[in-house]
Amino acid sequence: MKSDDLSANPIDEIAFEWVARLDRGTLSSREDATLKLWLKQDIRHRGAFARARTIWLSAGRVAAFQGASLPATRPQPASLSRRAFGRVALAAGLAAAAFIPGQPAEASQIYQARSGLLHLHEPHCGDLILDQGTVLRIRRGSGAPSFDLLHGQAHLTARKGLIRLNMDGLSIDLPDRSSLIAHACGAESDALVLDGNILTRCSGEREQRVLHRREWIRYDHNRISLSSLSDDDLERVTAWSRGLLEFHSVNVTEAIREINRYNTQKIILKNPACANRRISGIFSLSDPVIFARILSEIFGTRPVIAPTEISLL
Amino acid sequence: MTWEAQLEDEPDNVLGQDEKIAWLSRHIIPHERALRGWLRQFRDIEVDDVVQECYATFLDVDVALIKAPQAYLFRMARNIVLQHYRRARIISITALADFDAQNIMDDAPSPQQVVEVRQELEYLHQMVEQLPERCRQVLLLRRLEGLSQRQVSQRLGISENIVEKQVARGLRALSRFFSEDRDAPAKRGAKQYGEVKAVVEKR
(Lines give C-alpha, C1' and ligand atoms only; values in the text may rest on other atoms or scores of the structure.)
Protein backbone atom coordinates (compact mmCIF):
# COMPACT_ATOMS: atom_id res chain seq x y z
CA MET A 1 0.00 0.00 0.00
CA LYS A 2 1.54 3.27 -1.06
CA SER A 3 -1.36 5.63 -0.93
CA ASP A 4 -1.29 8.68 1.32
CA ASP A 5 -4.96 9.43 0.75
CA LEU A 6 -6.28 9.73 4.28
CA SER A 7 -9.87 9.58 3.20
CA ALA A 8 -9.13 6.04 2.03
CA ASN A 9 -7.17 4.92 5.07
CA PRO A 10 -9.48 2.50 6.86
CA ILE A 11 -7.82 2.90 10.26
CA ASP A 12 -8.17 6.66 10.19
CA GLU A 13 -11.77 6.29 9.07
CA ILE A 14 -12.58 4.15 12.08
CA ALA A 15 -10.74 6.50 14.42
CA PHE A 16 -12.72 9.49 13.11
CA GLU A 17 -15.96 7.63 13.68
CA TRP A 18 -14.98 6.80 17.25
CA VAL A 19 -14.01 10.38 18.07
CA ALA A 20 -17.26 11.60 16.54
CA ARG A 21 -19.14 9.04 18.62
CA LEU A 22 -17.36 10.07 21.81
CA ASP A 23 -18.05 13.69 21.02
CA ARG A 24 -21.74 12.84 21.01
CA GLY A 25 -21.68 11.54 24.55
CA THR A 26 -21.70 8.49 26.75
CA LEU A 27 -20.68 5.14 25.33
CA SER A 28 -22.65 2.06 26.12
CA SER A 29 -20.70 -0.65 27.90
CA ARG A 30 -20.70 -2.66 24.69
CA GLU A 31 -19.36 0.25 22.66
CA ASP A 32 -16.78 0.92 25.34
CA ALA A 33 -15.54 -2.67 25.19
CA THR A 34 -15.45 -2.58 21.42
CA LEU A 35 -13.38 0.59 21.37
CA LYS A 36 -10.90 -0.69 23.94
CA LEU A 37 -10.50 -3.93 22.05
CA TRP A 38 -9.88 -2.06 18.83
CA LEU A 39 -7.29 0.16 20.48
CA LYS A 40 -5.39 -2.84 21.80
CA GLN A 41 -5.34 -4.66 18.50
CA ASP A 42 -2.71 -2.59 16.74
CA ILE A 43 -0.39 0.26 17.61
CA ARG A 44 -1.64 2.04 14.48
CA HIS A 45 -5.16 2.02 15.89
CA ARG A 46 -3.90 3.73 19.02
CA GLY A 47 -1.96 6.26 16.97
CA ALA A 48 -4.84 6.94 14.61
CA PHE A 49 -7.16 7.50 17.55
CA ALA A 50 -4.71 9.87 19.23
CA ARG A 51 -4.31 11.70 15.94
CA ALA A 52 -8.07 11.96 15.44
CA ARG A 53 -8.45 13.44 18.92
CA THR A 54 -5.63 15.85 18.18
CA ILE A 55 -7.31 16.96 14.97
CA TRP A 56 -10.61 17.48 16.75
CA LEU A 57 -8.90 19.56 19.40
CA SER A 58 -7.08 21.55 16.73
CA ALA A 59 -10.40 22.24 15.06
CA GLY A 60 -10.82 24.90 17.74
CA ARG A 61 -8.81 27.11 15.41
CA VAL A 62 -12.01 27.77 13.53
CA ALA A 63 -12.64 30.24 16.34
CA ALA A 64 -10.24 32.51 14.53
CA PHE A 65 -12.80 33.23 11.88
CA GLN A 66 -15.93 33.82 13.78
CA GLY A 67 -17.23 35.85 10.88
CA ALA A 68 -18.19 32.63 9.12
CA SER A 69 -21.92 32.45 8.65
CA LEU A 70 -23.73 30.22 11.08
CA PRO A 71 -27.21 28.84 10.83
CA ALA A 72 -29.92 30.52 12.86
CA THR A 73 -29.17 33.12 15.47
CA ARG A 74 -26.06 33.63 17.49
CA PRO A 75 -25.03 36.42 19.84
CA GLN A 76 -23.11 39.35 18.45
CA PRO A 77 -20.16 40.80 20.36
CA ALA A 78 -21.67 44.24 20.54
CA SER A 79 -24.94 43.21 22.11
CA LEU A 80 -24.23 41.21 25.20
CA SER A 81 -26.78 39.87 27.58
CA ARG A 82 -26.74 37.42 30.44
CA ARG A 83 -28.97 35.16 28.42
CA ALA A 84 -26.46 35.25 25.61
CA PHE A 85 -23.66 34.34 27.97
CA GLY A 86 -25.56 31.27 29.01
CA ARG A 87 -26.24 30.26 25.45
CA VAL A 88 -22.81 30.68 24.03
CA ALA A 89 -20.61 27.77 24.87
CA LEU A 90 -16.98 27.03 25.23
CA ALA A 91 -15.68 24.66 22.67
CA ALA A 92 -13.72 26.55 20.09
CA GLY A 93 -10.55 27.08 21.94
CA LEU A 94 -6.90 27.55 22.29
CA ALA A 95 -4.96 24.63 21.03
CA ALA A 96 -3.42 24.44 24.47
CA ALA A 97 -6.72 23.94 26.23
CA ALA A 98 -7.55 20.41 27.14
CA PHE A 99 -10.73 19.36 25.42
CA ILE A 100 -13.01 16.51 26.34
CA PRO A 101 -15.48 15.60 23.63
CA GLY A 102 -19.04 15.66 24.80
CA GLN A 103 -18.41 17.75 27.87
CA PRO A 104 -21.09 20.39 28.32
CA ALA A 105 -19.95 23.88 27.47
CA GLU A 106 -19.45 26.56 30.11
CA ALA A 107 -20.54 30.15 29.79
CA SER A 108 -18.28 32.14 27.56
CA GLN A 109 -18.39 34.87 25.00
CA ILE A 110 -16.23 35.32 21.94
CA TYR A 111 -15.54 38.82 20.72
CA GLN A 112 -14.07 39.79 17.40
CA ALA A 113 -13.09 43.30 16.36
CA ARG A 114 -14.46 43.37 12.85
CA SER A 115 -14.43 47.04 11.94
CA GLY A 116 -11.70 48.97 13.67
CA LEU A 117 -10.95 48.88 17.37
CA LEU A 118 -13.35 47.26 19.79
CA HIS A 119 -13.51 48.73 23.33
CA LEU A 120 -14.81 46.50 26.08
CA HIS A 121 -15.48 47.30 29.71
CA GLU A 122 -15.60 44.38 32.08
CA PRO A 123 -17.17 45.76 35.26
CA HIS A 124 -15.49 43.27 37.57
CA CYS A 125 -11.94 43.50 36.29
CA GLY A 126 -11.04 46.20 33.81
CA ASP A 127 -10.92 47.55 30.29
CA LEU A 128 -9.90 45.99 27.03
CA ILE A 129 -9.18 47.32 23.57
CA LEU A 130 -9.11 44.80 20.75
CA ASP A 131 -7.23 45.60 17.58
CA GLN A 132 -8.89 45.08 14.22
CA GLY A 133 -9.32 41.37 13.51
CA THR A 134 -8.59 40.31 17.07
CA VAL A 135 -10.53 37.39 18.53
CA LEU A 136 -10.92 37.16 22.31
CA ARG A 137 -12.89 34.80 24.48
CA ILE A 138 -14.10 35.66 27.95
CA ARG A 139 -14.86 32.72 30.20
CA ARG A 140 -17.06 33.13 33.18
CA GLY A 141 -17.01 30.64 35.98
CA SER A 142 -17.60 30.99 39.68
CA GLY A 143 -14.70 33.42 40.21
CA ALA A 144 -13.32 36.29 38.20
CA PRO A 145 -13.61 35.89 34.43
CA SER A 146 -10.58 34.78 32.47
CA PHE A 147 -9.58 35.85 28.99
CA ASP A 148 -8.30 33.74 26.10
CA LEU A 149 -6.62 35.73 23.35
CA LEU A 150 -7.18 33.52 20.32
CA HIS A 151 -5.78 35.78 17.63
CA GLY A 152 -4.59 39.35 17.18
CA GLN A 153 -3.62 41.87 19.81
CA ALA A 154 -5.33 43.37 22.81
CA HIS A 155 -4.67 46.15 25.31
CA LEU A 156 -5.72 45.14 28.83
CA THR A 157 -5.93 47.24 31.96
CA ALA A 158 -6.79 45.66 35.32
CA ARG A 159 -8.91 48.04 37.42
CA LYS A 160 -10.75 46.06 40.05
CA GLY A 161 -8.65 43.02 40.71
CA LEU A 162 -6.59 40.43 38.98
CA ILE A 163 -7.05 39.57 35.31
CA ARG A 164 -6.02 36.15 34.03
CA LEU A 165 -5.06 36.08 30.36
CA ASN A 166 -4.28 32.90 28.43
CA MET A 167 -2.56 32.59 25.09
CA ASP A 168 -1.07 29.64 23.30
CA GLY A 169 1.82 28.59 25.54
CA LEU A 170 1.74 31.72 27.69
CA SER A 171 -0.48 32.60 30.65
CA ILE A 172 -0.45 35.96 32.41
CA ASP A 173 -1.79 37.39 35.66
CA LEU A 174 -2.36 41.14 35.69
CA PRO A 175 -2.69 42.56 39.20
CA ASP A 176 -4.88 45.56 39.86
CA ARG A 177 -3.78 48.75 38.06
CA SER A 178 -1.37 46.99 35.72
CA SER A 179 -1.71 47.00 31.95
CA LEU A 180 -0.18 45.32 28.94
CA ILE A 181 -0.46 44.69 25.26
CA ALA A 182 -0.75 41.03 24.34
CA HIS A 183 -0.38 39.57 20.89
CA ALA A 184 -1.26 36.07 19.67
CA CYS A 185 -0.72 34.59 16.25
CA GLY A 186 -0.91 30.81 16.09
CA ALA A 187 1.84 29.27 18.19
CA GLU A 188 3.46 32.66 18.76
CA SER A 189 2.41 34.65 21.80
CA ASP A 190 3.89 37.76 23.33
CA ALA A 191 3.14 40.40 25.92
CA LEU A 192 4.51 43.86 26.58
CA VAL A 193 4.10 45.44 30.03
CA LEU A 194 2.85 49.03 29.95
CA ASP A 195 2.26 49.65 33.66
CA GLY A 196 2.78 47.79 36.90
CA ASN A 197 4.26 44.34 37.31
CA ILE A 198 2.75 41.25 35.78
CA LEU A 199 3.27 37.55 36.32
CA THR A 200 3.84 35.26 33.36
CA ARG A 201 4.19 31.52 33.01
CA CYS A 202 5.14 29.76 29.81
CA SER A 203 4.07 26.26 28.89
CA GLY A 204 6.06 23.69 30.86
CA GLU A 205 7.34 26.17 33.44
CA ARG A 206 6.59 25.72 37.11
CA GLU A 207 7.53 29.13 38.39
CA GLN A 208 5.96 32.40 37.43
CA ARG A 209 8.16 35.15 36.06
CA VAL A 210 7.71 38.78 37.10
CA LEU A 211 7.88 41.35 34.31
CA HIS A 212 8.04 45.10 34.81
CA ARG A 213 7.14 48.14 32.75
CA ARG A 214 8.62 48.14 29.22
CA GLU A 215 9.57 44.47 29.41
CA TRP A 216 8.46 42.22 26.62
CA ILE A 217 8.16 38.43 26.63
CA ARG A 218 7.70 36.30 23.59
CA TYR A 219 6.87 32.58 23.48
CA ASP A 220 7.38 30.84 20.20
CA HIS A 221 7.67 27.11 19.64
CA ASN A 222 9.11 26.35 23.07
CA ARG A 223 11.48 29.32 23.03
CA ILE A 224 11.13 32.21 25.40
CA SER A 225 12.55 35.58 24.44
CA LEU A 226 12.86 38.51 26.82
CA SER A 227 13.68 42.08 25.94
CA SER A 228 13.13 45.62 27.11
CA LEU A 229 11.84 48.50 25.02
CA SER A 230 12.67 52.18 25.13
CA ASP A 231 9.96 54.70 25.95
CA ASP A 232 9.89 55.77 22.31
CA ASP A 233 9.33 52.20 21.15
CA LEU A 234 6.64 51.82 23.78
CA GLU A 235 4.82 54.85 22.39
CA ARG A 236 5.09 53.51 18.88
CA VAL A 237 3.80 50.00 19.54
CA THR A 238 0.90 51.19 21.69
CA ALA A 239 -0.21 53.89 19.25
CA TRP A 240 -2.92 51.70 17.75
CA SER A 241 -4.66 51.42 21.13
CA ARG A 242 -5.02 55.22 21.15
CA GLY A 243 -6.51 55.20 17.66
CA LEU A 244 -3.26 56.21 16.02
CA LEU A 245 -0.77 54.74 13.61
CA GLU A 246 2.81 55.79 13.98
CA PHE A 247 5.05 55.33 10.96
CA HIS A 248 8.79 55.72 10.96
CA SER A 249 10.20 55.61 7.44
CA VAL A 250 7.59 53.15 6.29
CA ASN A 251 7.05 52.26 2.65
CA VAL A 252 3.96 54.10 1.35
CA THR A 253 2.40 50.90 0.07
CA GLU A 254 2.77 49.29 3.49
CA ALA A 255 1.40 52.37 5.24
CA ILE A 256 -1.67 52.35 3.00
CA ARG A 257 -2.17 48.67 3.62
CA GLU A 258 -2.11 49.29 7.37
CA ILE A 259 -4.59 52.17 7.19
CA ASN A 260 -6.85 50.11 4.93
CA ARG A 261 -6.92 47.33 7.49
CA TYR A 262 -8.96 49.55 9.79
CA ASN A 263 -11.33 51.08 7.27
CA THR A 264 -13.97 50.04 4.79
CA GLN A 265 -13.14 53.08 2.65
CA LYS A 266 -9.94 51.81 1.06
CA ILE A 267 -7.10 53.87 -0.34
CA ILE A 268 -5.96 52.66 -3.75
CA LEU A 269 -2.62 53.90 -5.00
CA LYS A 270 -2.82 54.25 -8.75
CA ASN A 271 0.26 56.41 -9.09
CA PRO A 272 3.25 54.07 -9.11
CA ALA A 273 5.74 56.90 -8.74
CA CYS A 274 5.33 57.11 -4.96
CA ALA A 275 4.74 53.43 -4.23
CA ASN A 276 8.25 52.92 -2.89
CA ARG A 277 8.68 56.28 -1.20
CA ARG A 278 8.82 56.31 2.57
CA ILE A 279 6.72 58.21 5.05
CA SER A 280 6.97 59.10 8.75
CA GLY A 281 4.38 60.55 11.06
CA ILE A 282 1.44 59.91 13.35
CA PHE A 283 -1.97 59.45 11.75
CA SER A 284 -5.49 58.64 12.79
CA LEU A 285 -6.15 55.04 11.90
CA SER A 286 -9.84 55.75 11.32
CA ASP A 287 -9.52 58.67 8.92
CA PRO A 288 -8.32 57.48 5.52
CA VAL A 289 -9.40 60.71 3.82
CA ILE A 290 -7.00 62.82 5.85
CA PHE A 291 -4.22 60.32 5.28
CA ALA A 292 -4.88 60.30 1.53
CA ARG A 293 -4.80 64.10 1.43
CA ILE A 294 -1.51 64.21 3.30
CA LEU A 295 -0.03 61.71 0.85
CA SER A 296 -1.27 63.85 -2.02
CA GLU A 297 0.31 66.96 -0.56
CA ILE A 298 3.62 65.23 0.00
CA PHE A 299 3.88 63.29 -3.24
CA GLY A 300 1.75 65.36 -5.59
CA THR A 301 -0.89 62.74 -6.26
CA ARG A 302 -4.52 63.64 -6.94
CA PRO A 303 -7.11 62.10 -4.60
CA VAL A 304 -10.46 60.98 -6.01
CA ILE A 305 -12.75 60.30 -3.09
CA ALA A 306 -15.67 57.88 -3.39
CA PRO A 307 -17.77 56.32 -0.60
CA THR A 308 -15.94 53.01 -0.71
CA GLU A 309 -12.52 53.95 -1.97
CA ILE A 310 -10.04 56.77 -2.36
CA SER A 311 -7.96 56.64 -5.52
CA LEU A 312 -4.62 58.37 -5.56
CA LEU A 313 -3.88 59.24 -9.18
CA MET B 1 -20.22 5.11 31.34
CA THR B 2 -19.08 8.68 31.06
CA TRP B 3 -16.10 9.85 29.10
CA GLU B 4 -14.36 10.98 32.27
CA ALA B 5 -14.93 7.61 33.88
CA GLN B 6 -13.40 5.92 30.88
CA LEU B 7 -10.31 8.05 31.25
CA GLU B 8 -9.83 6.95 34.83
CA ASP B 9 -10.35 3.33 33.91
CA GLU B 10 -7.62 3.46 31.31
CA PRO B 11 -4.68 5.30 32.81
CA ASP B 12 -2.26 3.90 30.26
CA ASN B 13 -4.58 4.27 27.35
CA VAL B 14 -5.08 6.81 24.65
CA LEU B 15 -8.54 7.41 26.07
CA GLY B 16 -6.93 9.59 28.71
CA GLN B 17 -3.99 11.95 28.34
CA ASP B 18 -5.86 15.12 27.51
CA GLU B 19 -2.79 17.21 28.24
CA LYS B 20 -0.75 15.13 25.85
CA ILE B 21 -3.38 15.47 23.15
CA ALA B 22 -3.21 19.24 23.69
CA TRP B 23 0.58 19.07 23.38
CA LEU B 24 0.28 17.07 20.16
CA SER B 25 -2.13 19.67 18.85
CA ARG B 26 0.28 22.47 19.57
CA HIS B 27 3.62 20.92 18.71
CA ILE B 28 3.19 17.96 16.38
CA ILE B 29 0.24 18.29 14.08
CA PRO B 30 1.54 21.57 12.59
CA HIS B 31 4.53 19.56 11.32
CA GLU B 32 2.60 16.57 10.04
CA ARG B 33 2.41 17.87 6.51
CA ALA B 34 6.16 18.35 6.35
CA LEU B 35 6.70 14.93 7.90
CA ARG B 36 4.53 13.25 5.30
CA GLY B 37 6.35 15.04 2.51
CA TRP B 38 9.66 13.86 3.94
CA LEU B 39 8.42 10.28 4.39
CA ARG B 40 7.25 10.08 0.79
CA GLN B 41 10.86 10.00 -0.26
CA PHE B 42 11.27 6.53 1.18
CA ARG B 43 10.43 3.49 -0.87
CA ASP B 44 8.35 0.58 0.37
CA ILE B 45 6.98 2.61 3.25
CA GLU B 46 3.36 3.31 4.03
CA VAL B 47 3.26 6.92 5.18
CA ASP B 48 0.01 6.56 7.12
CA ASP B 49 1.43 3.65 9.11
CA VAL B 50 4.48 5.65 10.17
CA VAL B 51 2.44 8.70 11.09
CA GLN B 52 0.03 6.65 13.17
CA GLU B 53 2.88 4.89 14.92
CA CYS B 54 4.47 8.26 15.73
CA TYR B 55 1.30 9.48 17.43
CA ALA B 56 1.01 6.23 19.39
CA THR B 57 4.63 6.47 20.50
CA PHE B 58 4.17 10.02 21.75
CA LEU B 59 1.53 8.71 24.14
CA ASP B 60 4.26 6.79 25.93
CA VAL B 61 6.79 9.61 26.00
CA ASP B 62 7.25 12.28 28.66
CA VAL B 63 6.68 15.17 26.30
CA ALA B 64 7.67 17.72 28.94
CA LEU B 65 11.27 16.71 28.29
CA ILE B 66 11.08 17.36 24.56
CA LYS B 67 12.68 20.68 23.73
CA ALA B 68 12.56 20.45 19.95
CA PRO B 69 9.31 18.70 19.04
CA GLN B 70 9.73 18.90 15.30
CA ALA B 71 13.20 17.38 15.32
CA TYR B 72 12.02 14.77 17.80
CA LEU B 73 9.12 13.87 15.51
CA PHE B 74 11.37 13.44 12.51
CA ARG B 75 13.90 11.37 14.45
CA MET B 76 11.09 9.20 15.74
CA ALA B 77 9.73 8.74 12.21
CA ARG B 78 13.18 7.89 10.93
CA ASN B 79 13.56 5.20 13.56
CA ILE B 80 10.16 3.78 12.69
CA VAL B 81 11.10 3.68 9.00
CA LEU B 82 14.31 1.90 9.89
CA GLN B 83 12.39 -0.63 11.97
CA HIS B 84 10.05 -1.24 9.04
CA TYR B 85 13.02 -1.89 6.81
CA ARG B 86 14.57 -4.25 9.33
CA ARG B 87 11.33 -6.19 9.68
CA ALA B 88 10.72 -6.41 5.95
CA ARG B 89 11.83 -9.62 4.35
CA ILE B 90 12.16 -8.15 0.93
CA ILE B 91 13.34 -4.65 0.42
CA SER B 92 14.88 -2.95 -2.54
CA ILE B 93 18.50 -1.91 -2.43
CA THR B 94 17.51 1.51 -3.71
CA ALA B 95 15.23 1.96 -0.72
CA LEU B 96 18.08 1.42 1.68
CA ALA B 97 20.32 3.70 -0.33
CA ASP B 98 17.65 6.40 -0.23
CA PHE B 99 17.30 5.96 3.48
CA ASP B 100 21.00 6.37 4.10
CA ALA B 101 21.02 9.49 1.97
CA GLN B 102 18.39 11.25 4.01
CA ASN B 103 19.59 13.72 6.54
CA ILE B 104 17.66 14.18 9.70
CA MET B 105 16.30 17.61 10.27
CA ASP B 106 18.06 20.11 12.46
CA ASP B 107 16.47 21.09 15.73
CA ALA B 108 15.63 24.54 14.55
CA PRO B 109 13.18 24.49 11.65
CA SER B 110 14.21 26.57 8.70
CA PRO B 111 11.89 29.35 7.61
CA GLN B 112 10.83 27.16 4.72
CA GLN B 113 9.57 24.53 7.13
CA VAL B 114 7.32 26.86 9.06
CA VAL B 115 4.02 27.74 7.54
CA GLU B 116 3.06 31.31 8.20
CA VAL B 117 0.24 31.30 10.67
CA ARG B 118 -2.09 33.77 9.06
CA GLN B 119 -1.87 31.89 5.80
CA GLU B 120 -2.55 28.70 7.68
CA LEU B 121 -5.74 30.15 9.10
CA GLU B 122 -6.77 31.32 5.66
CA TYR B 123 -6.33 27.80 4.32
CA LEU B 124 -8.36 26.48 7.22
CA HIS B 125 -11.04 29.05 6.52
CA GLN B 126 -11.12 28.09 2.86
CA MET B 127 -11.28 24.42 3.72
CA VAL B 128 -14.22 24.95 6.06
CA GLU B 129 -15.99 27.17 3.53
CA GLN B 130 -15.63 24.45 0.92
CA LEU B 131 -17.19 21.77 3.07
CA PRO B 132 -20.69 20.61 2.16
CA GLU B 133 -23.19 22.96 3.78
CA ARG B 134 -24.52 20.53 6.36
CA CYS B 135 -21.05 19.43 7.43
CA ARG B 136 -19.87 23.03 7.68
CA GLN B 137 -22.84 24.02 9.80
CA VAL B 138 -22.30 21.13 12.18
CA LEU B 139 -18.59 21.81 12.50
CA LEU B 140 -19.05 25.51 13.23
CA LEU B 141 -21.92 25.04 15.65
CA ARG B 142 -20.04 22.34 17.50
CA ARG B 143 -16.57 23.89 17.59
CA LEU B 144 -17.26 27.59 17.21
CA GLU B 145 -20.42 27.98 19.25
CA GLY B 146 -19.69 25.01 21.45
CA LEU B 147 -23.11 23.44 21.15
CA SER B 148 -23.35 19.78 22.04
CA GLN B 149 -24.23 17.35 19.27
CA ARG B 150 -27.75 17.16 20.69
CA GLN B 151 -28.09 20.94 20.61
CA VAL B 152 -26.75 21.00 17.06
CA SER B 153 -29.34 18.43 16.01
CA GLN B 154 -32.10 20.54 17.58
CA ARG B 155 -30.81 23.73 15.99
CA LEU B 156 -30.62 22.18 12.53
CA GLY B 157 -33.65 19.90 12.85
CA ILE B 158 -31.72 16.75 12.05
CA SER B 159 -31.07 13.56 13.97
CA GLU B 160 -28.13 13.12 16.31
CA ASN B 161 -26.94 10.25 14.13
CA ILE B 162 -26.61 12.63 11.20
CA VAL B 163 -24.75 15.14 13.36
CA GLU B 164 -22.32 12.45 14.47
CA LYS B 165 -21.72 11.40 10.87
CA GLN B 166 -21.08 14.99 9.89
CA VAL B 167 -18.58 15.37 12.74
CA ALA B 168 -16.71 12.34 11.38
CA ARG B 169 -16.88 13.86 7.92
CA GLY B 170 -15.52 17.13 9.26
CA LEU B 171 -12.69 15.26 10.95
CA ARG B 172 -11.84 13.64 7.63
CA ALA B 173 -11.66 17.03 5.97
CA LEU B 174 -9.56 18.46 8.79
CA SER B 175 -7.27 15.47 8.52
CA ARG B 176 -6.62 16.32 4.89
CA PHE B 177 -6.02 19.93 5.89
CA PHE B 178 -3.29 18.92 8.32
CA SER B 179 -1.67 16.40 6.01
CA GLU B 180 -1.95 17.46 2.38
CA ASP B 181 0.76 19.22 0.46
CA ARG B 182 0.05 22.79 -0.44
CA ASP B 183 2.02 25.59 -1.96
CA ALA B 184 2.42 27.16 1.43
CA PRO B 185 4.29 30.40 1.93
CA ALA B 186 7.37 30.05 4.04
CA LYS B 187 7.67 33.41 5.68
CA ARG B 188 7.63 33.49 9.42
CA GLY B 189 5.96 36.25 11.34
CA ALA B 190 8.13 39.32 11.53
CA LYS B 191 9.32 40.65 14.84
CA GLN B 192 6.82 43.18 15.91
CA TYR B 193 8.55 45.10 18.61
CA GLY B 194 12.12 45.35 17.40
CA GLU B 195 15.13 43.22 18.06
CA VAL B 196 15.27 40.61 20.78
CA LYS B 197 18.01 41.48 23.20
CA ALA B 198 18.12 38.29 25.21
CA VAL B 199 17.05 34.78 24.45
CA VAL B 200 16.33 32.26 27.17
CA GLU B 201 16.17 28.67 26.10
CA LYS B 202 13.43 26.90 27.95
CA ARG B 203 14.66 24.23 30.27
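The following questions and answers concern a predicted model with chains A and B.

User: How many helices and strands does the secondary structure of chain A come to, and what share of its residues is buried?
Analyst: The secondary structure of chain A comprises seven helices and 18 strands. Chain A has 313 residues. The buried share of these residues is 43%.

User: What pattern does chain B follow along the sequence?
Analyst: In chain B there are 10 helices and one strand. Of the 203 residues in chain B, 39% are buried. Read along the sequence, the pattern is α-α-α-α-α-α-α-α-α-α-β.

User: Among contacts in chain B between residues at least 6 apart in sequence, what percentage joins residues at least 24 apart?
Analyst: For chain A, the contacts considered are those between residues at least 6 apart in sequence, and 48% of them join residues at least 24 apart. For chain B, with the contacts chosen by the rule of at least 6 apart, the share that joins residues at least 24 apart is 69%.

User: In what order do the three strands of the open sheet in chain A stand?
Analyst: The pairing in this open sheet is mixed. Strands β15 and β17 of chain A stand at the edges, each with a single partner strand, so one side of each has no neighbour in the sheet. On average, neighbouring strands are turned by 20 degrees against each other, direction ignored. The order is β15-β18-β17.

User: Do β15(A) and β18(A) run parallel or antiparallel, and which residue is the bridge partner of A:I267?
Analyst: Strand β15(A) covers residues 266–269, and β18(A) covers residues 309–312. Four bridges join these two strands, which run parallel. In β18(A), A:L312 is the bridge partner of A:L269. The bridge partner of A:I267 is A:I310.

User: Which residues of β15(A) point to the buried face?
Analyst: The side chains alternate along β15(A). A:K266 and A:I268 point to one face and are not buried. The residues that point to the other face and are buried are A:I267 and A:L269.

User: Over how many bridges do β17(A) and β18(A) pair?
Analyst: These two strands form a hairpin with three residues between them. Within the pairing, A:P303 stands opposite A:L312, and A:I305 stands opposite A:I310. The sense is antiparallel, and the number of bridges is three.

User: Which residues make up the covered face of β18(A)?
Analyst: Strand β18(A) has an uncovered face, made of A:E309 and A:S311. Its covered face consists of A:I310 and A:L312.

User: At about what angle does helix α7 of chain A run to β18(A)?
Analyst: Helix α7(A) spans residues 288–299. This helix lies across β15, β17 and β18 of chain A. Its angle to β18(A) is about 5 degrees.

User: Why are α3(A) and α10(B) described as roughly perpendicular to each other?
Analyst: Helix α3(A) spans residues 43–58, helix α10(B) spans residues 160–179, and their axes come within 10 Å. Angles of 65 to 115 degrees count as roughly perpendicular. The two helices are therefore given that description, with a crossing angle of roughly 90 degrees.

User: How many nonpolar residues does the contact of α3(A) with α10(B) have?
Analyst: From α3(A), the contact involves A:A52, A:I55 and A:W56. From α10(B), it involves B:L171, B:L174, B:S175 and B:F178. By class, one residue is polar, none is charged, and the nonpolar residues number six.

User: Why do α3(B) and α4(B) count as oblique to each other?
Analyst: Helix α3(B) covers residues 32–39 and helix α4(B) covers residues 47–58. Their axes come within 10 Å and cross at roughly 135 degrees, and the crossing is right-handed. Angles from 65 to 115 degrees count as roughly perpendicular and those over 145 as roughly antiparallel. The angle of this pair falls into neither class, and the orientation is therefore oblique.

User: How many charged residues belong to the contact of α3(B) with α4(B)?
Analyst: On the side of α3(B) are B:E32, B:L35, B:R36 and B:L39, which meet B:V47, B:V50 and B:V51 in α4(B). The contact has five nonpolar and no polar residues. The number of charged residues is two.

User: How many of the 11 residues of helix α8 of chain B are buried?
Analyst: Helix α8(B), residues 133–143, is mostly covered. Its buried residues include B:V138, B:L139, B:L140 and B:L141, and also B:R136, B:R142 and B:R143. The number of buried residues is eight.

Notes. Residues numbered from 1 in each chain as written. Chains lettered and ligands numbered in written order. Predicted model: local features only at pLDDT ≥ 70, side-chain atom pairs only at ≥ 80, totals over all residues. Buried ≥ 20, exposed ≤ 12 C-beta atoms within 10 Å, placed from the backbone. Pairing = 2+ DSSP bridges. Axes fitted to C-alpha atoms, helices over the stretch in contact; angles between N-to-C directions. Parallel < 35°, antiparallel > 145°, perpendicular 65-115°, else oblique. Left-handed = near helix turned anticlockwise from the far one by under 90°. Contact = placed C-beta atoms within 7 Å. Nonpolar A, V, L, I, M, F, W, Y, C, P; charged D, E, K, R; others polar.
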